[in-house]
Amino acid sequence: MVILGVDPGTASTGYGVVTAEGSRLRSVVFGCVHTDAHTPLEERLAAISRAIDALIEEHAPAALAVEGVYVGGNPRNALNIGQARGAVLATAGLRHVEVAEYSVSEIKTAVCGFGRAEKTQVQKMVGAVLGLPKPPTPDHAADALAAAICHASQSPLAASLRKAGVRA
């Protein structure tokens, strides 16, 4: 199964494509879509959408795993992340790719075993799980790979419940 993980943001949207063959996970590609703060928002969102669309076209993922919005005391950041998420979700919808959303703590727990792991811990564990020679950078790309790993680690029952709208 091919999974596209996404860590949305208007300045930097991380992405990571992971293949899951049984219990073996492998990184195919990862990186970030960077947009300039001086570019109009609609153009920034269009750039994010085009990049995600190109990844979907090239890798044909069975699912897109996206990090949920985390307010963290700054509503403006939450709004910007929400707008980037909207671009990503709309693109997935147009391509009929299943979307699974995970909270930051769910992703960190799946990858590190601890929902409050530091970013450097996440990067190191993502690198270890995927057998990379060094931890992936930048951290947004590592977070996107972590979202894909989280999705790959979900049991079929958990996935069915999530699809039905039931949170375990």
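Q: Which residues does V126 touch, not counting residues up to four places away in sequence?
A: In this predicted model, V126 touches V111, P136, A142, L145, A146 and I149.

Q: What makes V126 notable in the largest nonpolar core?
A: That core has 19 residues, and V126 and L130 are the two that touch the most other members. The elements that give two or more residues to this core are β2 (12-21), β5 (98-102), α3 (104-112), α4 and α5. The most come from α5, which gives six residues.

Q: Which residues are included in the second, separate core?
A: The second core has 17 residues, and V6, L45, I56 and V88 are among them.

Q: Why is α4 called oblique to α5?
A: Helix α4 (residues 119-129) and helix α5 (residues 139-152) pack at an angle of about 55 degrees, and their axes are 9 Å apart. The angle lies outside the ranges for roughly parallel (under 35 degrees), roughly perpendicular (65 to 115) and roughly antiparallel (over 145), so α4 is oblique to α5. The crossing in which α4 passes α5 is left-handed.

Q: Which residues of α4 and α5 meet?
A: From α4, the residues are K119, V122, Q123, V126 and V129; they meet D139, A142, D143, L145, A146 and I149 in α5. By class, the residues of this contact are seven nonpolar, one polar and three charged.

Q: How do you know that α3 and α4 are oblique to each other?
A: The packing angle of α3 and α4 is about 50 degrees, with the axes 9 Å apart. Roughly parallel would need an angle under 35 degrees and roughly perpendicular one of 65 to 115, so the pair is oblique. In passing α4, helix α3 makes a left-handed crossing. K108, V111 and C112 of α3 make the contact with Q121, V122, M125 and V126 of α4. Five nonpolar, one polar and one charged residue make up the contact of α3 with α4.

Q: Why are α1 and α2 called oblique to each other?
A: Helices α1 and α2 pack at an angle of about 40 degrees, with their axes 9 Å apart. Angles under 35 degrees count as roughly parallel and those of 65 to 115 as roughly perpendicular; the angle of this pair fits neither range, and α1 and α2 are therefore oblique. Their crossing is right-handed. On the α1 side the contact is made by L41, L45, I48, S49, I52, D53 and I56, and on the α2 side by Q83, A84, A87, V88, T91 and A92. The contact of α1 with α2 has nine nonpolar, three polar and one charged residues.

Q: How do you know whether I56 is buried or exposed?
A: The relative accessibility of I56 is 5%, and the cut-off for buried is under 20%, so I56 counts as buried. I56 lies in helix α1. Leaving aside neighbours within four places in sequence, I56 is in contact with L4, P61, T91, A92, R95 and V97. Of these contacts, L4 is 52 residues from I56 in sequence, with a C-alpha to C-alpha separation of 7.9 Å.

Q: Why is T19 classed as it is, buried or exposed?
A: The relative accessible area of T19 is 9%; buried means under 20%, so T19 is buried. T19 belongs to strand β2. Its contacts, leaving aside neighbours within four places in sequence, are M1, V2, R24, L25, R26 and V28.

Q: What makes the phi of A60 worth noting?
A: Most residues other than glycine have a negative phi. For A60, phi is near 45 degrees, a positive value in a residue other than glycine. A60 is in the loop between α1 (41-59) and β4 (63-67). With a relative accessibility of 58%, and with exposed meaning over 50%, A60 counts as exposed.

Q: Where is H96, and why is H96 called exposed?
A: H96 is in the loop between α2 (75-94) and β5. Its relative accessible area is 74%, and the cut-off for exposed is over 50%, so H96 is exposed. H96 also has a positive phi, of about 60 degrees, although it is not a glycine.

Q: What is the omega of the peptide bond from T137 to P138?
A: Omega is near -5 degrees, and this peptide bond is cis. Most peptide bonds are trans. P138 is in the loop between α4 and α5.

Terms used
Residues numbered from 1 in each chain as written. Predicted model: local features only at pLDDT ≥ 70, side-chain atom pairs only at ≥ 80, totals over all residues. Heavy atoms only, no water. Axes fitted to C-alpha atoms, helices over the stretch in contact; angles between N-to-C directions. Helix = DSSP H or I, 4+ residues; strand = E, 2+ residues; numbered from the N terminus. Left-handed = near helix turned anticlockwise from the far one by under 90°. Contact = heavy atoms within 4.5 Å. Nonpolar A, V, L, I, M, F, W, Y, C, P; charged D, E, K, R; others polar. Core = buried A, V, L, I, M, F, W, Y, C linked by side-chain atoms within 4.5 Å. Buried < 20%, exposed > 50% of the residue type's maximum accessible area, 1.4 Å probe, protein only.
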